[in-house]
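Work through the exercises below with the model open. Each task is followed by a solution in steps.

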Amino acid sequence: MRMPRFIVTPALILSAVHGAHCYSAPPRSLLRLQRGVASRRSTRSLLSSNFYDDFQDFGEPGSDDGGTNRDASSLNSRMTQVRGAEAAYDAKLARNWRRGNWSVRGFALNKSPFASSSSATDAAETPVVSAVAAPTSSSYTDVSLPQDRALPEDRTVAVGRTDGSVFVVKLGEQYLTTFMSVPKLVVEQDNDGPDDSEGAMSVRVENTWMDSNEVKSKLEVEQPLTQPSSGESETEMAQEPNPFEITHQFLASDHGPIHRLVYHDAVERDGCDGVVFTAAGSSGEITMWLLPPSGIDHGASQSTHLNGVHHDEIVSLEVITLRSRDDANESTFLFSASRDGTIALWDIENGELALSCQCIDAESGASLTCADVSNPTTWDDGWSGNENVCDVIFLGTSDGYVVGYVVEELIAAAGGGTTISGDLVPDIRFRAHGTDSGKGDAVTAIKCGGDGTIPTSARLRGGESEAKNSFGRNSRLSSSILLTGGEDGSIKQWEILSQSTSTKIRLEHWPRIPSQRMKRRSHLFMPGHDGAVTGIAQQSRYDSSKFLTCGQDGSVCVWSASSGKELFRMDGFESTISSLACLGRDLIVTDGMDEFVCVHDFGIEEDAASKGYDLEW
């Protein structure tokens, strides 16, 4: 398992003493002056006029004023406080997760349809939340406190509904923020008149979502809510928790509910706050939406349709980064998988197709039910020097099997094109669920869980020389964790072994038979869910000690990966939970409450958790 790192630089250390300062690198001419014959005083003058000198409080070299010792003592004291705060925070989170202490807050999107004149189905006439997605930046969260603090201060989630609408919401601290649909008149001038003259004016009604308290404050003109009420001081009002806030809202589909959603916020593009990919209905079409900067426009502009590959419901959307072993160049793609057995990689910059292939043959009678990508080249710094580390696409099928394909070999099979023709042989295939449960065979959820229990330096039995003779120039093994959930509610953990041979990368799974056991990990997790498992999530790819599952029974379970025991269960949801969005180690966002979205906070004090929570909003 990769250990968390915290790199401390002099500027970072001193910022703990001096506070935050704006630092700009001196020009080269100034650097030459510093290396030249300028006196110490003139150099100090030049430095102070251009940027803040972090070292000025440490006194002149050789001075006997004791300043250096005093500042060093202050620095050590401050760093001790920082380490203490980190340790206390880590201990609090570990305690809350171990004991099942958390609080709940959230927001509600009232059941009004997004569009006033909608040709929606009956299900969309009273729309509810159908998908929740965390921003892709949250997946880079490390297990250490500094990485948690590196998350954006204003964390956001994307929410899809059954009427095809999508909302991007900034999380707040308020217990419940209710957003209501407010109609507004939009007047447009028709410029298609004769001789380019202005035509008739058109008026239409659009709905926009606003905080219900904000609406009330605009209606109550005589006594706005900004004024303290009787018995309420201005200080108490100033301490009101921040409400949730909608930053973007748009209609992404008019032919079905949003059932797959990706919110990619790590975008380097001018005039764009992020990209949202949506999939709705059973057409297999994916739409790419560009989010304008907050405050300029609350909507989104449709960039392109990603179509021509899938012809059935999309079962998986995921952003991955692929890197070349030779030059370490990296490219970001959107991975998609459809129930018709096709998978594809799309260029995330322009939506162009990069690779597609048919992995599950429709004639076999099986369909593709879920998918995930093991993408260690994104986060493993030593991957290029280890030929056993590779990106693998794992697919779950309706007949209970898991099949896997090495991405490098798929790209090679395409031969420089975008489509792989002919029969495609998987690099791994094994039966994961079904046969004896009597509750259905399908693999309904799959999750790549990070590093496995076998270190990369481990060698095959039989000695190094024998392994080299049998398996080529590199006999080392790498392993990763794969988590699966079944239609019968069962949850299983697998170890995927990878080894580079002279011709290809060989993949194997463990355990191979029911009587075998995993080392330091559990294979089967009981009692599971009462119904199909709909999602599996981890807080961080670096922390595989526990994971979460959700199911059709309307519950969320937290499991110990080593013992196989259920640590605790979250109940009280009204319907199937389809989404588990983890934002760091402290926050989990779920649906399953009709129009409500729940934020579960594990970063609270124990006395706050003892007050309990109530999902009956």
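**Exercise 1. Strand pairing**

Task: Determine in which sense S30 and strand S31 pair, and over how many bridges.

Solution. S30 and strand S31 (residues 596–601) pair in the antiparallel sense, over five bridges. Strands here are DSSP runs (E, at least two residues) and helices are DSSP runs (H or I, at least four), numbered from the N terminus; two strands pair if DSSP finds at least two bridges between them. Within this pairing, Ile588 stands opposite His600 in S31. The two strands form a hairpin with two residues between them, and Asp594 in that turn has a positive phi of about 60 degrees.

The model is predicted: local features need pLDDT of at least 70, side-chain atom pairs count only at pLDDT 80 or more, and totals for chains, interfaces and linings use all residues. Residues are numbered from 1 along each chain as its sequence is written, and side-chain values use heavy atoms, with hydrogens and water left out.

Task: Find the bridge partner of Leu580 in S30.

Solution. Strand S29 (residues 580–583) pairs with S30 in the antiparallel sense over four bridges. In S30, Thr590 is the bridge partner of Leu580. S29 and S30 form a hairpin with three residues between them, and Gly584 in the turn has a positive phi of about 80 degrees.

**Exercise 2. Burial of a strand**

Task: Decide how many residues of strand S30 are buried.

Solution. Buried means under 20% relative accessible area, exposed over 50%, and partly exposed in between (1.4 Å probe, protein chains only). In strand S30 (residues 587–593), seven of the seven residues are buried, so the strand is largely enclosed by the rest of the structure.

**Exercise 3. Salt bridges**

Task: State which side chain meets Arg585 in a salt bridge, and where the two residues lie.

Solution. A salt bridge is a side-chain nitrogen of Lys or Arg within 4 Å of a carboxyl oxygen of Asp or Glu. The side chain of Arg585 meets that of Asp90 at 2.9 Å, N to O. The pair links distant parts of the chain: Arg585 is in the loop between S29 and S30, Asp90 is in helix H4 (residues 67–99), and they are 495 residues apart. Arg585 is buried at 10% relative accessible area, whereas Asp90 is partly exposed at 29%.

Task: Classify Lys504 and Asp427 as buried or partly exposed.

Solution. The side chains of Lys504 and Asp427 meet in a salt bridge of 3.2 Å, N to O. Lys504 is partly exposed at 37% relative accessibility; Asp427 is buried at 14%.
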